[in-house]
Amino acid sequence: MLVLVLNFGSSTLKWQLVRPDSAARVAAGKVERIGSGTTHAEALAQVLGTMSEHRIDAVGHRVVHGGEAFVDATRIDDAVEAAIEACVPLAPLHNPPNLAGIRAARAALPDVPHVAVFDTAFHARMPRRARGYAIDPELASRYGIRRYGFHGTSHAYVASLAAAHLGRPLNELCLLTLHLGNGASACAVEYGHSTETSMGMTPLEGLVMGTRSGDIDPGVLLLLARDASMDAAALDDLLNKQSGLAGLSGVGNDLRDIEARAAAGDDRCRLAISVFAHRAKKYVGAYAAVMGGLDAVVLTAGIGENAAAMRWRILQRMEHLGIVLDEDRNASAKVDTQSPVARISADNSRVAVLVAATDEELSIARQAASIVRRQATVDTHSAIPIAISARHIHLNLETFERLFGEGRTPTKFKDISQPGQYACEERLTLIGPRGRIEGVRLLGPLRSKNQIEVSRTDEFALGVDAPIRDSGHVAGSAPITLEGPAGTVQLSEGLICAKRHIHMTPEDAKRYGVTDGDEVEVAIDGGPRDLIFGDVLIRVSPKFQLEMHIDTDEANAAELSPGARGALVYADVTGATASLRRRRVDVERAGAEGG
């Protein structure tokens, strides 16, 4: 398959012709001076004129802003084009040329499928606490004010490279990715998902960049507007084009020039280097705290891949976080498309530190190919039964005996829907800093790890911050105290909000066109309120029975409460069923399937 990747800017068109299966570049180029006598359509015509001998199977378009509408790469039709146009107010400098390029390409290649890949998509499902600003929610909603994040294609791509290098599934890792270039951003990639990122509603927020300020006190802008008579246009120009490394150093935005001047004694250049490194270091510590620890730090883009001295400045003296750099490895690290990852951490470093060569064009090509090959389609017709999962507890033998007495075993109350699992007579009290929840039922049989599953409403009542996790992934989760008839146990981890999921047999998975670990969108139909849930995990085992599990908060959102449930752990929903809409495009899997 040949995918033409197009990145239309206001004055340039960057393009590559890519074989996603082999990661081979067949051709590449750049058309400049768009808008100065050359239209987007004419620029594209120049490109297409150079590849008459090639048959283009798909076109992948980079689109900067997808707003709240797009959470994945999406095949373009008239409705998608209109939705991209609706996002223009959120990215007035970027979406218009992206859109002009899409229209030109669809007109020039009407029989070829076109796919939009959004910079914002990877961050679209950040937790609400991470995407909101501390202003009146009604005002924010009226003007679309929220944190969207950018560089998502790069963050997702290098996270998948890191997972492959470490030989571990991406959904088991807590990664910090640092995209450091003329544009710079940090991302907390927790179990394969962006849970926090440094850029916000616009690319201005966060790290120090080439010409952008990054984080700045809004009061500074008010002062400049009031005392320096700077209007919105002047402030926009200051923050986007005259700040960052260029504003601090006074000699431009190229770190190589700044480092050379700093070595010669230029104090402004030394300050620029220090501020850049300090800001990045702050985000490393913050995101380690947000995720409860790190498995790896990944540095990419122009500065991240090539500036050894800056990497050292950012990550030195972080032994308390488990980060220990190897000076020789850092100095000699070289990455490219053939050898895309280099480890620069010391052998005794608990956290791996990797330099990774980002390749957004290849990622766009692979995602476009995945869409075109219908790898993201599923059986959308067959209904899936739904069960509401109330708070419940899984214990190992040691903890069970400490709570109920040595030699005791769980007492079966009744079987639940999944074969071999049952609700127990035994119940416990959950104790958090803010409150208690009594009568929480134990599930059997006993497991190898303690795991307590609660809803968001429960965690608020307890006064804890429980991460959303797949069952069994309790490392670094929230602490909780359990009180039973024979004693009290303080667990340092184990409390989670369970990720919504669907149990399936292998036969079910084949019928629905999904595999274990896939994430899908699910439409809830037939109840009082139709709703769509994203990021629903597919879990496949011969031991399972087909059923979707959602917690009580999610059931309430869809108005699916079946009435009084007493203390039962699972309650079937009558009338409403779930149906799959589509499978989430997995950058890691798309790369593996592509070769």
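Ile135 has a relative accessibility of 37%, so this residue counts as partly exposed in what is a predicted model. To find Ile135, look in the loop between α4 (128-131) and α5 (137-143). Ile135 does not face the surface by itself: with Leu139 and Tyr143 it forms a nonpolar patch there, and together they offer about 280 Å² of accessible area.

Now let's turn to the strands. One open sheet has six of them, arranged in the order β3-β2-β1-β4-β6-β5, and the pairing is mixed. At its edges stand β3 (24-31) and β5 (74-75); each has a single partner strand, so one side of each is left without a neighbour in the sheet. The partner of β3 is easy to follow: β2, residues 13-19, pairs with β3 in the antiparallel sense over seven bridges. Along this pairing you can pick out Trp15, which stands opposite Gly29 in β3. Helix α15 (residues 360-372) lies across β1 (3-8), β2, β3, β4 (58-63), β5 and β6 (114-118), and runs at about 125° to β1.

Just before β2 comes a residue worth a stop. Thr12 sits in the loop between β1 and β2. Is Thr12 buried or exposed? Its relative accessible area is 18%, under the 20% limit, so Thr12 counts as buried. Beyond its neighbours within four places in sequence, Thr12 is in contact with Asn7, Lys30, Val31, Glu32 and Ile34.

A further open sheet also has six strands, this time in the order β9-β8-β7-β10-β12-β11, again with mixed pairing. Here the edge strands are β9 (193-197) and β11 (341-343), each of which pairs on one side only. From one strand to the next, the twist averages 25°. At one edge, β11 and β12 (residues 352-356) pair in the antiparallel sense over three bridges, and Arg343 has Leu354 in β12 as its bridge partner. Helix α13 (residues 308-315) packs on this sheet, where it touches β7, β10 (296-300) and β12; the direction of α13 makes about 150° with that of β10.

Our last stop is Asn171, found in the loop between α6 (152-166) and β7 (174-180). With 34% relative accessibility, Asn171 counts as partly exposed. Which residues does Asn171 contact, leaving aside its neighbours within four places in sequence? They are Tyr191, Gly192 and His473. Leu294 lies 123 residues from Asn171 along the chain, and the C-alpha atoms of the two are separated by 13 Å.

Technical notes: Residues are numbered from 1 along each chain as its sequence is written. This is a predicted model: local features need pLDDT of at least 70, side-chain atom pairs count only at pLDDT 80 or more; totals for chains, interfaces and linings use all residues. Side-chain values use heavy atoms; hydrogens and water are left out. Patches are made of residues with over 30% relative accessible area and no salt bridge: like charges are joined within 9 Å, nonpolar side chains (Val, Leu, Ile, Met, Phe, Trp, Tyr) within 5 Å. Accessible areas come from the Shrake-Rupley method with a 1.4 Å probe; for residues, only the protein chains shown count as cover. A salt bridge is a side-chain nitrogen of Lys or Arg within 4 Å of a carboxyl oxygen of Asp or Glu. Helices (H or I, at least four residues) and strands (E, at least two) are DSSP runs, numbered from the N terminus. Buried means under 20% relative accessible area, exposed over 50%, partly exposed in between (1.4 Å probe, protein chains only). Two strands pair if DSSP finds at least two bridges between them. Contact means heavy atoms within 4.5 Å. Axes are lines fitted to C-alpha atoms, for helices over the stretch in contact, and angles run from 0 to 180 degrees between N-to-C directions.
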